[in-house]
Amino acid sequence: MSALFSEADHRYMARALKLAQKGLYTTDPNPRVGCVIVRDDQVVGEGFHLRAGEPHAEIHALNAAGEHAKGATAYVTLEPCSHTGRTGPCAVALLEAKVARVVIAMQDPNPQVSGRGIRLLEEAGIEVAVGLLESEACALNPGFVARMTRQRPFVRLKMAMSLDGRTAMGSGESQWITGPEARAQVQRLRARSSAILSGVESIIMDDSRLTLRADQLQLANAAEAVQRQPLRVILDTRLRLPLAAACLSEPGRTLVITTPAHTAEKRARLIQAGAEIQVLPAGSDGRIDLALMLQWLAEHEQVNELLVETGATLAGALLDAALIDELQLFVAPTLLGGEARPLFALPGLSRMADQRRLTIHDMRAVGRDWRIIASPQTTSATGASGEFSESKVP
(Lines give C-alpha, C1' and ligand atoms only; values in the text may rest on other atoms or scores of the structure.)
Protein backbone atom coordinates (compact mmCIF):
# COMPACT_ATOMS: atom_id res chain seq x y z
CA MET A 1 0.00 0.00 0.00
CA SER A 2 1.43 3.34 -1.01
CA ALA A 3 2.03 5.92 1.70
CA LEU A 4 2.76 8.82 -0.65
CA PHE A 5 0.02 11.40 -1.09
CA SER A 6 0.03 14.44 -3.36
CA GLU A 7 -1.45 17.86 -2.74
CA ALA A 8 -4.36 16.85 -4.98
CA ASP A 9 -4.91 13.71 -2.87
CA HIS A 10 -5.22 15.89 0.23
CA ARG A 11 -7.64 18.23 -1.51
CA TYR A 12 -9.97 15.48 -2.69
CA MET A 13 -9.91 13.60 0.62
CA ALA A 14 -10.73 16.85 2.41
CA ARG A 15 -13.74 17.15 0.13
CA ALA A 16 -14.74 13.56 0.94
CA LEU A 17 -14.60 14.39 4.66
CA LYS A 18 -16.82 17.42 4.17
CA LEU A 19 -19.31 15.20 2.34
CA ALA A 20 -19.19 12.65 5.16
CA GLN A 21 -20.05 15.39 7.64
CA LYS A 22 -23.40 15.84 5.87
CA GLY A 23 -24.49 12.58 7.49
CA LEU A 24 -23.50 13.71 11.00
CA TYR A 25 -27.06 13.62 12.34
CA THR A 26 -28.62 10.87 10.25
CA THR A 27 -26.38 7.82 9.68
CA ASP A 28 -26.57 6.23 13.13
CA PRO A 29 -25.75 3.43 13.89
CA ASN A 30 -23.65 3.41 10.72
CA PRO A 31 -20.48 5.52 10.39
CA ARG A 32 -20.38 8.82 8.52
CA VAL A 33 -18.63 8.24 5.19
CA GLY A 34 -17.93 10.38 2.12
CA CYS A 35 -16.56 9.48 -1.32
CA VAL A 36 -15.17 11.49 -4.23
CA ILE A 37 -14.28 9.99 -7.63
CA VAL A 38 -11.71 11.84 -9.73
CA ARG A 39 -10.58 11.25 -13.31
CA ASP A 40 -8.03 13.41 -15.12
CA ASP A 41 -8.05 15.82 -12.18
CA GLN A 42 -11.80 16.37 -12.52
CA VAL A 43 -14.43 15.30 -10.01
CA VAL A 44 -16.77 12.97 -11.89
CA GLY A 45 -18.82 11.72 -8.96
CA GLU A 46 -19.29 12.22 -5.25
CA GLY A 47 -21.60 11.05 -2.51
CA PHE A 48 -22.08 10.44 1.21
CA HIS A 49 -23.92 7.95 3.37
CA LEU A 50 -27.16 9.47 4.62
CA ARG A 51 -29.06 6.79 6.50
CA ALA A 52 -28.68 3.16 7.59
CA GLY A 53 -30.24 0.80 5.05
CA GLU A 54 -29.70 3.24 2.17
CA PRO A 55 -26.81 3.18 -0.36
CA HIS A 56 -23.32 3.86 0.97
CA ALA A 57 -21.20 6.81 -0.09
CA GLU A 58 -19.30 4.83 -2.75
CA ILE A 59 -22.51 3.75 -4.47
CA HIS A 60 -23.82 7.32 -4.69
CA ALA A 61 -20.47 8.48 -6.10
CA LEU A 62 -20.27 5.62 -8.63
CA ASN A 63 -23.82 6.25 -9.79
CA ALA A 64 -22.96 9.90 -10.36
CA ALA A 65 -19.71 9.03 -12.20
CA GLY A 66 -21.18 6.37 -14.48
CA GLU A 67 -18.72 5.29 -17.18
CA HIS A 68 -16.26 7.99 -16.07
CA ALA A 69 -15.39 5.84 -13.03
CA LYS A 70 -13.30 3.54 -15.24
CA GLY A 71 -9.64 4.31 -14.64
CA ALA A 72 -10.48 6.92 -12.00
CA THR A 73 -9.31 7.39 -8.41
CA ALA A 74 -11.83 6.97 -5.61
CA TYR A 75 -11.27 8.83 -2.33
CA VAL A 76 -13.15 7.23 0.57
CA THR A 77 -13.07 8.27 4.22
CA LEU A 78 -13.55 4.69 5.51
CA GLU A 79 -12.41 1.36 4.07
CA PRO A 80 -15.04 0.14 1.57
CA CYS A 81 -17.16 -2.63 3.06
CA SER A 82 -16.55 -6.19 1.88
CA HIS A 83 -19.67 -7.86 3.26
CA THR A 84 -23.34 -7.94 2.27
CA GLY A 85 -25.72 -6.44 4.79
CA ARG A 86 -28.77 -4.36 3.91
CA THR A 87 -26.68 -3.16 0.96
CA GLY A 88 -24.08 -4.87 -1.23
CA PRO A 89 -20.30 -4.71 -0.68
CA CYS A 90 -18.84 -1.40 -1.83
CA ALA A 91 -15.41 -2.92 -2.52
CA VAL A 92 -17.01 -5.14 -5.16
CA ALA A 93 -18.86 -2.17 -6.66
CA LEU A 94 -15.57 -0.27 -7.03
CA LEU A 95 -14.02 -3.35 -8.62
CA GLU A 96 -16.85 -3.72 -11.10
CA ALA A 97 -16.63 -0.02 -11.98
CA LYS A 98 -12.94 -0.64 -12.87
CA VAL A 99 -11.48 2.23 -10.87
CA ALA A 100 -7.68 2.31 -11.05
CA ARG A 101 -6.86 3.57 -7.57
CA VAL A 102 -8.55 3.85 -4.18
CA VAL A 103 -7.35 6.24 -1.47
CA ILE A 104 -8.72 5.47 2.00
CA ALA A 105 -8.55 7.68 5.08
CA MET A 106 -8.89 4.90 7.68
CA GLN A 107 -9.34 1.14 7.86
CA ASP A 108 -12.62 -0.21 9.15
CA PRO A 109 -12.17 -0.50 12.95
CA ASN A 110 -14.42 -3.57 13.07
CA PRO A 111 -11.90 -6.38 13.76
CA GLN A 112 -14.12 -8.91 11.97
CA VAL A 113 -13.84 -7.12 8.63
CA SER A 114 -10.88 -4.73 8.97
CA GLY A 115 -8.58 -4.99 5.96
CA ARG A 116 -10.84 -7.28 3.93
CA GLY A 117 -12.01 -4.56 1.56
CA ILE A 118 -8.44 -3.39 1.06
CA ARG A 119 -7.21 -6.93 0.30
CA LEU A 120 -10.07 -7.52 -2.12
CA LEU A 121 -9.13 -4.41 -4.09
CA GLU A 122 -5.39 -5.12 -4.04
CA GLU A 123 -5.83 -8.73 -5.13
CA ALA A 124 -7.74 -7.44 -8.16
CA GLY A 125 -4.77 -5.26 -9.12
CA ILE A 126 -6.16 -1.94 -7.92
CA GLU A 127 -3.67 0.44 -6.31
CA VAL A 128 -4.69 1.17 -2.71
CA ALA A 129 -3.31 3.87 -0.39
CA VAL A 130 -4.43 4.12 3.23
CA GLY A 131 -3.99 6.70 5.99
CA LEU A 132 -4.62 10.06 4.32
CA LEU A 133 -6.24 12.43 6.89
CA GLU A 134 -6.81 9.42 9.12
CA SER A 135 -7.15 11.39 12.37
CA GLU A 136 -9.84 13.60 10.81
CA ALA A 137 -11.77 10.53 9.69
CA CYS A 138 -11.49 9.02 13.19
CA ALA A 139 -12.69 12.27 14.78
CA LEU A 140 -15.79 12.18 12.59
CA ASN A 141 -16.74 8.72 13.94
CA PRO A 142 -15.55 8.49 17.56
CA GLY A 143 -18.53 6.40 18.63
CA PHE A 144 -18.29 3.86 15.82
CA VAL A 145 -14.57 3.47 16.55
CA ALA A 146 -15.20 3.07 20.29
CA ARG A 147 -17.95 0.49 19.77
CA MET A 148 -15.81 -1.58 17.41
CA THR A 149 -12.53 -1.39 19.34
CA ARG A 150 -13.59 -1.03 23.00
CA GLN A 151 -17.07 -2.62 22.88
CA ARG A 152 -18.65 0.43 24.45
CA PRO A 153 -19.91 3.81 23.24
CA PHE A 154 -17.98 7.04 23.10
CA VAL A 155 -19.27 8.79 26.24
CA ARG A 156 -19.75 12.54 25.99
CA LEU A 157 -20.82 14.39 29.15
CA LYS A 158 -22.66 17.69 28.68
CA MET A 159 -23.07 20.06 31.60
CA ALA A 160 -24.11 23.69 31.95
CA MET A 161 -22.62 25.65 34.83
CA SER A 162 -22.16 29.09 36.27
CA LEU A 163 -18.78 30.80 36.39
CA ASP A 164 -18.40 29.53 39.97
CA GLY A 165 -18.93 25.92 38.86
CA ARG A 166 -22.56 25.43 39.92
CA THR A 167 -25.25 23.64 37.92
CA ALA A 168 -28.45 24.50 39.81
CA MET A 169 -29.72 26.34 42.86
CA GLY A 170 -29.87 24.45 46.14
CA SER A 171 -33.58 23.81 45.46
CA GLY A 172 -32.70 22.12 42.16
CA GLU A 173 -33.93 24.99 39.98
CA SER A 174 -31.71 25.16 36.89
CA GLN A 175 -33.65 26.61 33.93
CA TRP A 176 -31.99 28.39 32.41
CA ILE A 177 -28.31 28.94 33.25
CA THR A 178 -27.19 29.28 29.63
CA GLY A 179 -28.65 31.17 26.68
CA PRO A 180 -30.46 30.01 23.53
CA GLU A 181 -27.28 29.65 21.45
CA ALA A 182 -25.80 27.20 23.96
CA ARG A 183 -29.08 25.28 24.11
CA ALA A 184 -29.03 24.99 20.31
CA GLN A 185 -25.54 23.48 20.56
CA VAL A 186 -26.89 20.94 23.05
CA GLN A 187 -29.65 20.05 20.61
CA ARG A 188 -26.96 19.34 18.00
CA LEU A 189 -25.13 17.11 20.46
CA ARG A 190 -28.38 15.21 20.98
CA ALA A 191 -28.93 14.97 17.22
CA ARG A 192 -25.55 13.30 16.60
CA SER A 193 -25.92 10.89 19.52
CA SER A 194 -27.29 7.36 19.45
CA ALA A 195 -28.67 7.72 22.96
CA ILE A 196 -29.05 10.20 25.81
CA LEU A 197 -28.33 8.98 29.33
CA SER A 198 -29.67 10.49 32.54
CA GLY A 199 -30.19 9.48 36.15
CA VAL A 200 -33.68 9.20 37.56
CA GLU A 201 -32.99 11.96 40.11
CA SER A 202 -32.44 14.44 37.27
CA ILE A 203 -35.65 13.37 35.59
CA ILE A 204 -37.62 13.72 38.83
CA MET A 205 -36.16 17.19 39.41
CA ASP A 206 -36.45 18.65 35.89
CA ASP A 207 -38.99 16.36 34.16
CA SER A 208 -36.63 16.43 31.17
CA ARG A 209 -38.03 15.27 27.83
CA LEU A 210 -34.57 14.36 26.41
CA THR A 211 -35.76 14.90 22.84
CA LEU A 212 -34.67 16.67 19.68
CA ARG A 213 -36.64 19.79 18.87
CA ALA A 214 -36.41 21.12 15.33
CA ASP A 215 -37.16 24.70 16.37
CA GLN A 216 -34.04 24.78 18.58
CA LEU A 217 -31.59 22.93 16.34
CA GLN A 218 -30.82 25.93 14.10
CA LEU A 219 -29.91 23.60 11.21
CA ALA A 220 -30.91 23.74 7.56
CA ASN A 221 -31.81 20.03 7.70
CA ALA A 222 -33.45 20.17 11.15
CA ALA A 223 -36.62 18.42 9.99
CA GLU A 224 -34.56 15.53 8.62
CA ALA A 225 -32.43 15.32 11.76
CA VAL A 226 -35.40 14.99 14.11
CA GLN A 227 -36.78 12.03 12.16
CA ARG A 228 -34.49 9.92 14.36
CA GLN A 229 -34.99 10.56 18.05
CA PRO A 230 -32.06 9.26 20.14
CA LEU A 231 -32.80 6.42 22.53
CA ARG A 232 -33.56 7.82 26.00
CA VAL A 233 -31.77 5.82 28.72
CA ILE A 234 -32.59 6.40 32.39
CA LEU A 235 -30.69 4.73 35.23
CA ASP A 236 -33.16 3.95 37.99
CA THR A 237 -32.06 1.41 40.60
CA ARG A 238 -35.32 1.47 42.58
CA LEU A 239 -37.73 2.29 39.73
CA ARG A 240 -38.70 5.71 41.03
CA LEU A 241 -39.43 7.16 37.57
CA PRO A 242 -42.85 8.87 37.76
CA LEU A 243 -45.50 7.25 35.59
CA ALA A 244 -46.41 10.72 34.31
CA ALA A 245 -42.82 11.64 33.35
CA ALA A 246 -42.79 13.70 30.15
CA CYS A 247 -40.14 11.50 28.52
CA LEU A 248 -42.55 8.53 28.52
CA SER A 249 -44.98 10.29 26.18
CA GLU A 250 -42.42 11.62 23.70
CA PRO A 251 -41.73 10.08 20.26
CA GLY A 252 -39.05 7.40 20.29
CA ARG A 253 -38.06 4.94 22.99
CA THR A 254 -37.43 5.39 26.71
CA LEU A 255 -35.32 2.59 28.18
CA VAL A 256 -35.11 2.30 31.95
CA ILE A 257 -32.08 0.35 33.17
CA THR A 258 -32.43 -1.02 36.66
CA THR A 259 -31.26 -3.82 39.00
CA PRO A 260 -33.20 -6.86 40.27
CA ALA A 261 -33.94 -5.06 43.58
CA HIS A 262 -37.61 -4.21 42.93
CA THR A 263 -40.97 -5.88 42.33
CA ALA A 264 -42.49 -7.12 39.09
CA GLU A 265 -45.48 -4.89 39.83
CA LYS A 266 -43.32 -1.76 39.56
CA ARG A 267 -41.92 -2.96 36.24
CA ALA A 268 -45.40 -3.67 34.88
CA ARG A 269 -46.67 -0.18 35.77
CA LEU A 270 -43.75 1.52 34.05
CA ILE A 271 -44.08 -0.66 30.96
CA GLN A 272 -47.76 0.23 30.77
CA ALA A 273 -46.80 3.92 31.00
CA GLY A 274 -44.57 3.57 27.93
CA ALA A 275 -41.14 2.57 29.26
CA GLU A 276 -38.98 -0.37 28.29
CA ILE A 277 -37.23 -2.08 31.19
CA GLN A 278 -33.80 -3.71 31.17
CA VAL A 279 -32.55 -5.40 34.34
CA LEU A 280 -28.77 -5.59 34.74
CA PRO A 281 -26.69 -6.97 37.63
CA ALA A 282 -25.79 -4.54 40.37
CA GLY A 283 -22.24 -3.64 41.27
CA SER A 284 -20.70 -4.23 44.70
CA ASP A 285 -22.35 -1.04 45.98
CA GLY A 286 -25.82 -2.25 44.98
CA ARG A 287 -26.08 0.28 42.14
CA ILE A 288 -26.07 -0.29 38.40
CA ASP A 289 -22.67 -1.43 37.14
CA LEU A 290 -21.80 1.48 34.83
CA ALA A 291 -19.15 -0.32 32.77
CA LEU A 292 -21.49 -3.27 32.20
CA MET A 293 -24.29 -0.88 31.27
CA LEU A 294 -22.13 0.75 28.58
CA GLN A 295 -21.12 -2.64 27.17
CA TRP A 296 -24.78 -3.69 27.07
CA LEU A 297 -25.79 -0.51 25.20
CA ALA A 298 -23.06 -1.06 22.62
CA GLU A 299 -23.88 -4.73 22.07
CA HIS A 300 -27.68 -4.72 22.23
CA GLU A 301 -28.61 -1.19 21.11
CA GLN A 302 -25.67 -0.39 18.78
CA VAL A 303 -25.04 2.85 20.66
CA ASN A 304 -22.09 4.69 19.12
CA GLU A 305 -22.14 8.07 20.84
CA LEU A 306 -23.76 8.37 24.25
CA LEU A 307 -24.62 11.86 25.48
CA VAL A 308 -24.85 12.10 29.25
CA GLU A 309 -27.13 14.82 30.64
CA THR A 310 -27.35 14.34 34.38
CA GLY A 311 -26.54 15.66 37.84
CA ALA A 312 -23.46 15.64 40.01
CA THR A 313 -23.82 12.11 41.41
CA LEU A 314 -23.93 10.14 38.14
CA ALA A 315 -21.48 12.54 36.48
CA GLY A 316 -19.04 12.01 39.33
CA ALA A 317 -19.50 8.23 39.28
CA LEU A 318 -18.75 8.07 35.55
CA LEU A 319 -15.70 10.29 35.93
CA ASP A 320 -14.49 8.29 38.92
CA ALA A 321 -14.82 5.06 36.92
CA ALA A 322 -12.83 6.57 34.00
CA LEU A 323 -15.80 6.09 31.67
CA ILE A 324 -16.04 9.64 30.27
CA ASP A 325 -14.28 10.28 26.97
CA GLU A 326 -15.24 13.91 26.44
CA LEU A 327 -16.72 16.74 28.48
CA GLN A 328 -18.62 19.60 26.88
CA LEU A 329 -19.00 22.27 29.53
CA PHE A 330 -21.14 25.33 28.83
CA VAL A 331 -20.13 28.15 31.14
CA ALA A 332 -22.51 31.06 31.72
CA PRO A 333 -21.29 34.47 32.92
CA THR A 334 -23.24 34.27 36.15
CA LEU A 335 -22.71 33.31 39.80
CA LEU A 336 -25.02 30.98 41.75
CA GLY A 337 -23.27 31.02 45.10
CA GLY A 338 -21.98 28.50 47.60
CA GLU A 339 -25.38 26.96 48.40
CA ALA A 340 -25.94 25.96 44.76
CA ARG A 341 -25.29 22.45 43.46
CA PRO A 342 -21.80 21.45 42.27
CA LEU A 343 -20.75 20.09 38.89
CA PHE A 344 -19.45 16.73 40.15
CA ALA A 345 -19.88 14.68 43.29
CA LEU A 346 -16.34 13.40 43.83
CA PRO A 347 -15.93 12.32 47.44
CA GLY A 348 -12.50 11.52 48.78
CA LEU A 349 -10.56 14.34 47.13
CA SER A 350 -8.70 15.74 50.13
CA ARG A 351 -5.23 16.49 48.73
CA MET A 352 -3.99 18.38 45.69
CA ALA A 353 -2.53 15.06 44.53
CA ASP A 354 -6.10 13.73 44.26
CA GLN A 355 -7.28 16.36 41.78
CA ARG A 356 -8.69 15.24 38.41
CA ARG A 357 -6.90 17.06 35.64
CA LEU A 358 -8.44 17.67 32.22
CA THR A 359 -6.98 18.32 28.80
CA ILE A 360 -8.74 21.19 27.05
CA HIS A 361 -9.16 20.68 23.30
CA ASP A 362 -11.27 23.69 22.42
CA MET A 363 -12.73 26.80 24.03
CA ARG A 364 -14.94 29.32 22.28
CA ALA A 365 -17.82 31.73 22.77
CA VAL A 366 -21.35 30.48 22.11
CA GLY A 367 -23.64 33.48 22.26
CA ARG A 368 -23.10 35.05 25.67
CA ASP A 369 -21.71 31.78 27.09
CA TRP A 370 -18.52 29.78 26.61
CA ARG A 371 -18.12 26.16 25.55
CA ILE A 372 -15.15 24.12 26.77
CA ILE A 373 -14.39 20.75 25.17
CA ALA A 374 -12.10 18.67 27.34
CA SER A 375 -11.20 15.11 28.23
CA PRO A 376 -9.91 13.47 31.42
CA GLN A 377 -6.16 13.02 31.18
CA THR A 378 -6.56 9.34 32.04
CA THR A 379 -8.85 8.63 29.06
CA SER A 380 -7.75 6.01 26.54
CA ALA A 381 -10.35 7.03 23.96
CA THR A 382 -9.53 6.93 20.27
CA GLY A 383 -9.94 10.45 18.93
CA ALA A 384 -9.93 12.16 22.32
CA SER A 385 -12.06 15.17 21.50
CA GLY A 386 -14.47 13.36 19.21
CA GLU A 387 -15.19 16.71 17.63
CA PHE A 388 -15.07 17.08 13.86
CA SER A 389 -13.93 20.57 13.00
CA GLU A 390 -13.60 22.06 9.54
CA SER A 391 -10.38 23.64 10.79
CA LYS A 392 -8.87 20.15 10.82
CA VAL A 393 -9.39 19.75 7.09
CA PRO A 394 -6.60 21.22 4.92
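Which side chain of opposite charge is nearest to aspartate 108, and how far away is it? The close-up views below begin there.

This is a predicted model, in which local features need pLDDT of at least 70 and side-chain atom pairs count only at pLDDT 80 or more, while totals for chains, interfaces and linings use all residues. Residues are numbered from 1 along each chain as its sequence is written, and side-chain values use heavy atoms, with hydrogens and water left out.

**View 1. Aspartate 108 is a buried residue without a salt bridge.** The nearest side chain of opposite charge belongs to arginine 147, 9.1 Å away. Here Lys and Arg count as positive and Asp and Glu as negative, while His and the chain ends are not counted. Buried means under 20% relative accessible area, exposed means over 50%, and partly exposed is in between (1.4 Å probe, protein chains only). A salt bridge needs a side-chain nitrogen of Lys or Arg within 4 Å of a carboxyl oxygen of Asp or Glu. Look for aspartate 108 in the loop between β4 (101-106) and α4 (116-123); helices (H or I, at least four residues) and strands (E, at least two) are DSSP runs, numbered from the N terminus. Leaving aside neighbours within four places in sequence, aspartate 108 is in contact (heavy atoms within 4.5 Å) with Leu78, Glu79, Val113, Ser114 and Phe144.

**View 2. Arginine 101 and aspartate 9 form a salt bridge.** Their side chains meet at 3.0 Å, N to O. Arginine 101 sits in strand β4 and aspartate 9 in helix α1 (residues 7-21), so this pair ties together parts that are 92 residues apart in sequence. Both arginine 101 and aspartate 9 are buried.

**View 3. Helix α1 also takes part in a salt bridge through arginine 15, whose partner is glutamate 46 in strand β2 (residues 42-48).** The N to O distance for this pair is 2.7 Å. Because arginine 15 is in α1 and glutamate 46 in β2, the bridge ties together parts that are 31 residues apart in sequence. Arginine 15 is partly exposed, with a relative accessible area of 32%, and glutamate 46 is partly exposed at 29%.

**View 4. Helix α11 holds a salt bridge between arginine 269 and glutamate 265.** The two side chains meet at 3.0 Å, N to O. Being four residues apart in the helix, arginine 269 and glutamate 265 are separated by about one helical turn. Arginine 269 counts as partly exposed, at 37% relative accessibility, whereas glutamate 265 is exposed, with a relative accessible area of 53%. Elsewhere, salt bridges that share partners join Arg32, Arg156, Arg192, Glu305 and Glu326 into one network. The structure holds 24 salt bridges.

**View 5. Arginine 267 is found in helix α11 (residues 264-273).** This residue is partly exposed, with a relative accessible area of 27%. Not counting residues up to four places away in sequence, arginine 267 touches Leu239, His262, Ile277 and Val279.

**View 6. Tyrosine 12 and tyrosine 75 make an aromatic pair.** A search of the whole structure finds one such pair. Rings of Phe, Tyr and Trp (its six-membered ring) pair if their centres lie within 6.5 Å; planes under 30 degrees apart count as stacked, over 60 as edge-to-face and the rest as tilted. The two ring centres are 5.5 Å apart and the planes are at 45°, so the pair is tilted. Tyrosine 12 lies in helix α1 and tyrosine 75 in strand β3 (residues 73-78), so the pair ties together parts that are 63 residues apart in sequence. Both tyrosine 12 and tyrosine 75 are buried.

**View 7. The largest nonpolar core has 42 residues.** Such a core is a set of buried Ala, Val, Leu, Ile, Met, Phe, Trp, Tyr and Cys residues joined through side-chain atoms within 4.5 Å. Met13, Ile37 and Val102 touch the most other members. Helix α1 gives the largest share of this core, seven residues. A second, separate core of 34 residues includes Leu157, Leu255, Ile288 and Leu314.

**View 8. Leucine 210 is one of the residues that UniProt, in an unreviewed entry, places in the feature "binding site".** The others in that record are Ser174, Arg190, Asp206, Arg213 and Glu309; UniProt positions are given in the numbering used here, feature names are shortened, and annotations may be inferred rather than shown by experiment. Leucine 210 lies in the loop between α8 (200-206) and α9 (214-217) and counts as buried at 2% relative accessibility. Not counting residues up to four places away in sequence, leucine 210 touches Arg190, Ile196, Ser198, Ile203 and Arg232.
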